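Here are a few short exercises to work through with a structure viewer open. Try each one yourself before reading the solution.

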Amino acid sequence: MNASQPARIRSLLLVVAMVAAPALQAQEVIEIPARDSRIDVEFEEVYRVGVLEGEDWEMFARVARVAFDAAGNLYVFDETPGSTRSGEVRVLVFDAAGRFLREFGSPGGGPGEFNRPVDFAVLRDGTVVVSDAGHSGYQLFDRSGSFERMVRAGGEPGDRPALGQSLRADPRGDAVFAFAGGRLGVMTHSLVEGLRSLMGGGSTVQPMSRPVVRIGLDGEAVRADTVVTGWLPLGGDPDDRVPDGAPAQVREILGGMTGPTVFEPPLLVGVLPDGGIVHSDSSAYALKVTPPGARQVSRIIRRPFVPEPVTPAIEREYQRRAANARGGLGAGLRMLEFRQRGGGNRPAATTNVELETTYYHELSVLRGLRTTWNSRIWVQRRGDEPNSDGSIDVLTADGEYVGTYATGATALPDAFGPDGMAAFIEFDELDVARVVVRRLPSEVR
């Protein structure tokens with residue numbers, strides 16, 4: 001190779017990169033007008049389950065998630081009535097007519113027993129996937145409810161999938177998608193990884209995004225592959241969050257960690273029937289569609305709705321409501337407690353790390369997103385109040401606008417199934433949980 005050849009090669013690579021760059025970055029942007037076309041609510045009720053008094057399988061404690069398989073069977077992820085521990089969770093299964101089929105799940109540390117289960121997903125063939133933090137893995141149960149196998153969540157710190165994240169089934173099978181909807185979930189995962197790193201002599205890996213990760217479940221250990229990289233808004237100044245008296249290890253973990261902000265745009269995620277992803281990761285009305293295996297957004301669907309600024313009056317109202325709340329941490333993480341064991345004559349010490357409340361500068365347009373088995377996208381807009389639900393738009397993954405359900409006309413379904421089935425978690429006047437399954441009209445399925 002003579003002296004001029006490297007220069008010619010570099011020039012050729014530069015030309016190729018310049019030609020390829022627009023193709024890699026090309027995105028179809030579809031603008032939908034702001035004027036709504038109303039859809040009438042014409043849902044046929046198929047059945048409902050959940051009563052105040054009845055058999056054990058009829059009485060729900062706290063329904064966390066619901067899902068369908070390809071046969072139309074409904075799966076209910078519910079706490080055991082009277083439970084006092086996080087592992088006391090059961091999975092109830094009903095057929096397409098609402099008849100009770102089976103129940104499984106019991107607390108414990110053995111295979112097939114729940115030890116801090118976090119979320120679950122149902123594959124099309126009826127396989128139930130449970131993310132279990134206590135087991136540090138994913139437990140798989142076959143369609144009869146029998147324990148099949150455990151898939152361990154290994155990997156290096158920073159690459160290890162977070163078992164505390166939300167799950168969505170991959171319609172293609174043998175995998176689920178995992179994501180953290182808000183900074184609190186991302187921050188918690190980072191905190192856990194930071195503690196593990198310090199114990200192993202490593203360094204804390206700070207999150208820079210909110211990824212959607214495909215968790216392959218066809219081996220003994222998970223295969224984690226980031227398929228979408230969601231934007232992570234800037235948080236508050238971490239230097240103002242760590243008290244001066246905090247131990248050095250606590251300061252190292254939290255020193256570069258930004259905390260959650262109130263009204264921060266959530267990461268909303270839906271899975272399309274072909275395994276593609278539609279997500280929203282900002283305060284604007286922008287639905288981003290990524291085809292399966294592409295990693296790059298190919299289509300953005302927009303509507304010209306403008307986020308509302310967060311004013312001092314909105315902040316004061318939030319503070320007033322938070323002060324009146326009882327028995328919880330409210331909308332954000334306010335306090336972390338670190339306990340250090342004593343040694344010798346030293347007593348155990350507790351350090352409380354208080355996180356200052358900060359606010360995002362605007363209210364997000366969107367609050368919820370679901371996808372149907374026929375590639376419809378249901379997306380819920382914010383209502384008149386900062387934390388209220390508004391109208392629901394129905395779109396196609398190709399960007400076709402189907403119409404809008406008016407505010408209060410229907411809730412956003414908690415799960416979609418085959419043949420237009422949709423499940424809604426509801427509560428009666430006595431706050432008794434129930435699941436109502438309805439069949440949707442063909443145009444919105």
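**Exercise 1.** Which residue in strand 8 is the bridge partner of F120?

*Solution.* Keep in mind that this is a predicted model. Start by finding strand 7, which covers 117-122. Next, go to strand 8, residues 128-132. These two strands pair in the antiparallel sense, over five bridges. Following the bridge from F120 into strand 8 leads to V130.

**Exercise 2.** Place this pair in its sheet: what is the strand order, and which strands form the edges?

*Solution.* The sheet is open and has four strands, in the order 7-8-9-10 with antiparallel pairing. Strand 7 and strand 10 (147-152) are the edge strands, as each pairs on one side only. From one strand to the next, the twist averages 20°.

**Exercise 3.** Describe the protein chain as a whole: how many helices and strands does it have, and what percentage of its residues is buried?

*Solution.* Begin with the elements: there are four helices and 29 strands. Then turn to burial, taking buried to mean under 20% relative accessible area. By that cut-off, 46% of the 445 residues are buried. For the surface, the chain exposes about 22000 Å², with 49% of it supplied by carbon and sulfur atoms. Finally, look at contacts with a separation of 6 or more: residues 24 or more positions apart account for 53% of them.

**Exercise 4.** How many cavities of 30 Å³ or more does the structure hold, and which residues line the largest cavity?

*Solution.* The count is one. The largest cavity contains about 40 Å³ of space. Its lining consists of T372, W373, N374, F416, G417, G420, M421, L440 and R445.

Terms used:
Residues are numbered from 1 along each chain as its sequence is written. This is a predicted model: local features need pLDDT of at least 70, side-chain atom pairs count only at pLDDT 80 or more; totals for chains, interfaces and linings use all residues. Side-chain values use heavy atoms; hydrogens and water are left out. Two strands pair if DSSP finds at least two bridges between them. Axes are lines fitted to C-alpha atoms, for helices over the stretch in contact, and angles run from 0 to 180 degrees between N-to-C directions. Buried means under 20% relative accessible area, exposed over 50%, partly exposed in between (1.4 Å probe, protein chains only). Contact means heavy atoms within 4.5 Å. Accessible areas come from the Shrake-Rupley method with a 1.4 Å probe; for residues, only the protein chains shown count as cover. On a 1 Å grid over the protein atoms alone, a cavity is a set of points where a 1.4 Å probe fits but cannot get out, and a pocket is an open set with protein on both sides within 12 Å along at least five of seven lines; lining residues have an atom within 4 Å of a point. Grid points are joined across faces, edges and corners, and a volume is the space filled by probe spheres set on the points.
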